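Subject: Structure handover

Dear colleague,

Please find the structure below, as agreed. My notes on it come straight after.

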2 protein chains.
Amino acid sequence: MTTSHYNPRRHPPLEVAVDLVMLSVAQGRLDVLLVRRGAEPFESRWALPGGFVGEREGLEQAARRRLAQEAGVDPGQTHMEQLATYGAPERDPRTRVVSVAYLALARLALPPQAGSGAIDARWVPVGDAESDALELAFDHHTILRDGVERARSKFEYTPIATVLCGPEFTVAELRRTYEIMWGQELDPRNFHRKVTNAEDFIRPTGGTTTRHGGRPAQLYRAGRAVALYPPLLRDAHGESTSASQIAR
Amino acid sequence: MTTSHYNPRRHPPLEVAVDLVMLSVAQGRLDVLLVRRGAEPFESRWALPGGFVGEREGLEQAARRRLAQEAGVDPGQTHMEQLATYGAPERDPRTRVVSVAYLALARLALPPQAGSGAIDARWVPVGDAESDALELAFDHHTILRDGVERARSKFEYTPIATVLCGPEFTVAELRRTYEIMWGQELDPRNFHRKVTNAEDFIRPTGGTTTRHGGRPAQLYRAGRAVALYPPLLRDAHGESTSASQIAR
DNA sequence: GTGCTTATCGTCATAGTGACAGTAAGCACC
DNA sequence: GGTGCTTACTGTCACTATGACGATAAGCAC
């Protein structure tokens with residue numbers, strides 16, 4: 001931050017955009033919202049929803065605007081956090097674009113709207129989106145991977161999984177959310193114990209439901225904890241965690 | 001990412017800068033590198049080192065350039081990672097500046113260089129820098145707080161603490177690094193056990209040293225682990241961890 | 001009621017932790 | 001060369017958390 005550097009006119013314009021890794025669990029799948037581009041570059045390729053930041057617009061505000069535009073989700077029931085910023089000089093073939101990526105988690109996957117300029121918008125299983133077959137535009141493959149890893153990781157240490165459940169949910173529903181996010185089965189009995197023991201993770205409402213058959217299940221609401229103690233850990237640790245992904 | 005939005009000329013120029021939260025432990029203190037501004041805005045106020053991103057320059061590259069300019073540290077022995085991006089519309093009084101903050105950890109705190117436009121550069125104890133007395137420029141107070149919290153947190157789950165030690169170090173030296181970073185005393189015996197049990201955190205070199213008096217201590221080198229298992233946890237969890245800070 | 005489902009509680013061996021006792025091995029000083 | 005100082009390291013113990021899995025509870029269909 002030097003005198004010369006702070007003279008704005010001396011700098012070439014860089015564009016600042018936001019991109020959204022919007023995740024949802026539905027029908028037993030982890031889905032990400034993708035849009036199909038209607039123009040060059042990467043015309044007709046699938047991409048993360050995103051767009052440029054307005055002049056007087058905060059970054060998160062820009063991301064939320066996109067969220068409202070493309071995803072049929074309730075912004076009130078949506079968790080959103082900044083993921084990372086991607087600014088390789090050549091990531092956009094036309095001009096320099098620095099993109100601030102946001103991770104969003106929401107419950108309802110209503111049919112999405114193809115926003116302006118997009119010719120399609122769909123919830124796509126993360127497995128498909130991450131496969132090489134799809135070849136997302138720009139560096140969106142990397143952004144998506146980082147976003148998914150961040151979400152998986154946050155499931156361990158925070159109670160965000162509850163935003164992917166309804167306002168009232170059973171332990172089994174919460175467990176299935178974890179199973180879908182982590183792509184691994186969890187022991188129902190141990191999960192039940194950990195989730196009910198973790199400090200103020202979930203609170204019983206008093207009600208019960210039989211919507212999955214079998215013995216009636218207690219209904220719970222999200223508690224007030226912002227961090228899980230003790231945390232719920234994945235098997236993992238021997239796995240794909242690369243150094244750069246460990247951002248806490 | 002729509003047609004209209006991807007036409008660069010239709011957008012007002014936003015400036016993109018990088019800011020550096022450069023931390024170091026020296027003389028038993030956790031220090032952050034600050035520069036004193038030589039020009040408006042915030043003239044003569046202390047700020048994090050930073051600067052605008054060059055047209056063909058990657059974000060991390062820009063941050064590393066600043067690191068080399070202002071801090072007398074060996075880039076090879078420096079850990080650097082992206083922290084977060086700050087883009088509130090009014091964070092710079094003159095024009096819109098979106099700043100990508102980087103966290104850097106380095107071992108040697110040589111006397112820093114006041115870069116171009118800065119009239120001074122100093123290693124300042126983090127406690128002083130975080131106190132309201134100093135009133136850092138822009139939103140640098142927030143960035144600093146986020147950076148310090150990230151560093152403290154990464155000490156729990158990754159072996160980065162070793163970059164703040166020499167190439168060979170004793171368990172006690174590593175422990176003091178943790179104590180300084182976390183601002184809390186750790187039981188030497190338990191710390192020793194945990195650190196030597198954690199998978200490939202540190203490896204004995206075979207040598208010993210008596211540089212701190214007493215019984216000769218084993219010397220260690222950093223192992224190859226990228227994540228600590230099991231992790232070293234702070235007391236914390238009941239503490240200042242706000243929801244937004246829990247980014248893993 | 002029988003048999004199906006799912007929910008929930010209990011048990012047990014094992015791993016990790018904080019607190020802290022005890023031992024090892026240098027050095028300074030006499 | 002021993003005494004006492006320092007710091008390094010090993011060990012113990014009670015407690016908590018965990019994975020694996022057995023057992024029981026409580027609905028529904030027939």
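The notes below cover the protein surface at one DNA strand and then a single residue of chain A.

Please keep in mind that this is a predicted model.

The surface near DNA strand C has 20 residues, of which Arg189(A), Gln218(A), Arg189(B), Asn190(B) and Lys194(B) come nearest. By class, eight of the residues on this surface are charged, seven polar and five nonpolar. On the DNA side, 51% of the strand C atoms within 4 Å of the protein belong to sugar or phosphate, and the rest to bases.

Three polar contacts from chain B can be listed. Arg189(B) places a polar side-chain atom 2.7 Å from a base nitrogen of DNA strand C. For Arg193(B), a side-chain N or O atom is 3.0 Å from a base nitrogen of the strand. Lys194(B) has a polar side-chain atom 2.8 Å from a phosphate oxygen. The elements that give two or more residues to this surface are helix H5 (188-197) and strand E9 (217-222) of chain A, along with helix H5 (188-197) of chain B. H5(B) gives the most, with four residues.

Strand E9 of chain A also holds Leu219(A). Is Leu219(A) buried or exposed? Leu219(A) counts as buried because its relative accessibility is 8%, under the 20% limit. Its C-alpha atom is 5.9 Å from that of Glu168(A), although the two residues are 51 apart along the chain. Beyond its neighbours within four places in sequence, Leu219(A) is in contact with residues including Glu168(A), Phe169(A), Thr170(A), Arg203(A) and Arg211(A).

Regards

Conventions
Residues are numbered from 1 along each chain as its sequence is written. Chains are lettered from A and ligands numbered from 1 in the order in which they are written. This is a predicted model: local features need pLDDT of at least 70, side-chain atom pairs count only at pLDDT 80 or more; totals for chains, interfaces and linings use all residues. Side-chain values use heavy atoms; hydrogens and water are left out. A residue is near a molecule or strand if one of its heavy atoms lies within 4 Å of it. A polar contact is a pair of N or O atoms within 3.5 Å; within protein, one must be able to donate a hydrogen and the other to accept it, and residues adjacent in sequence count only if both atoms are side-chain atoms. Ala, Val, Leu, Ile, Met, Phe, Trp, Tyr, Cys and Pro count as nonpolar, Asp, Glu, Lys and Arg as charged, and the others, Gly among them, as polar. Buried means under 20% relative accessible area, exposed over 50%, partly exposed in between (1.4 Å probe, protein chains only). Contact means heavy atoms within 4.5 Å.
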